[in-house]
Amino acid sequence: FMTFPDRPAARDRVRRAIVPCGGKGTRMLALTGGAPKELVPVAGVPVVERVLRECAASGVDAALVVVAPGKDAIGAHLAPLAGAPGMPARIEFVVQPEPRGLADAIRHGRTFAADEPVVVALPDNLFVGDAPDDAPGVAQVVDAWRTTGTNVVAVVEIRAEDAARRGPTSVLPGTLDGDLFRIARVPDKGERGRTFDTGGAPSAFTGVRRYVLLPEAFDVVDAVERELPAGAELDDVPVMQRLLAGGRLVGRRIRGRFLDVGLPQGYEEATALL
């Protein structure tokens, strides 16, 4: 496994992480055969285990893994690893009964978060440092929280030549201030292609699935849900939009190689690299 810098002091770190694993993984069926996509190994290590190791290396002591019904194999793999070297000391599990969206999955961790800042890290994304002592992705997002005291979303710059190996997230307009990314607007989810589109530019920024959320974010999730039509998906995009409108969201540019293992092209890239 990769080695990471020492963990930050307890008063400066985020101790808990929510790891949503409720997706159906339809884009990965050719590789998974219907098994949980989160257990697909990259260089011999399941992607969800890699994400938990990233969290632990960033100072996280306890993780809550949110699973869909029928994904018992995730718990069977992860539960025995709690407290092992390089893993969180405590790993808990909760079932998201219906696939209602990422914000709904995050909300299942409200009690677990215990009125503290909480990391949210999805196994669709992995990060590899450019140098052996580079901080893991979660640690970089936590560093932005430590600097700004507000909610943070990870941001990466994707080059046009790499777009076909990245998922169909939206271009995120904004400006860099060092490694902080001042978000101008969070676009609606809308219609997207099968992969990322820079819109003809040589590169573009997008948000990826690493966050630090403060307790206020759970109240925003509730407010968004109250305005949704019955049965509509409770997605993270309108939550991010409301946080930004209130001046309570900043981006953090992640240094290192971004790998999108939630689609076959990105998985093949990660396997070759690692």
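The exercises below, each with a worked solution, concern the interior and the aromatic rings of a predicted model.

**Exercise 1.** Find which residues touch the most other members of the largest nonpolar core, and which element gives the largest share of this core.

*Solution.* Begin with the core as a whole, which has 36 residues, and among these C55 and V119 touch the most other members. Next, turn to the elements that give two or more residues to this core, which include α2 (47-57), β6 (118-121) and α6 (137-148). The largest share, five residues, comes from α6. Finally, look around V119 itself: leaving aside neighbours within four places in sequence, the contacts of V119 include C55, V138, V142 and Y211.

**Exercise 2.** Work out how the buried residues of α9 are arranged about the axis of the helix.

*Solution.* First list the buried residues of α9, namely G266, Y267, E269 and A270. Seen down the axis of α9, these buried residues fall within an arc of 160°, and they therefore line one face of the helix. Then consider the face turned away from the buried side of α9, where the exposed residues E268 and A272 are carried.

**Exercise 3.** Classify the aromatic pair formed by F181 and F205, and explain what the pair ties together.

*Solution.* Start from the geometry: the centres of the two rings are 4.9 Å apart and the planes make an angle of 40°, which makes the pair tilted. Now place the residues, F181 in strand β10 (residues 180-183) and F205 in strand β11, so that the pair ties together parts that are 24 residues apart in sequence. As a last step, check the surroundings, where both F181 and F205 prove to be buried.

Terms used. Residues are numbered from 1 along each chain as its sequence is written. This is a predicted model: local features need pLDDT of at least 70, side-chain atom pairs count only at pLDDT 80 or more; totals for chains, interfaces and linings use all residues. Side-chain values use heavy atoms; hydrogens and water are left out. A nonpolar core is a set of buried Ala, Val, Leu, Ile, Met, Phe, Trp, Tyr and Cys residues joined through side-chain atoms within 4.5 Å. Buried means under 20% relative accessible area, exposed over 50%, partly exposed in between (1.4 Å probe, protein chains only). Helices (H or I, at least four residues) and strands (E, at least two) are DSSP runs, numbered from the N terminus. Contact means heavy atoms within 4.5 Å. The arc is that of the directions from the helix axis to the C-beta atoms. Rings of Phe, Tyr and Trp (its six-membered ring) pair if their centres lie within 6.5 Å; planes under 30 degrees apart count as stacked, over 60 as edge-to-face and the rest as tilted.
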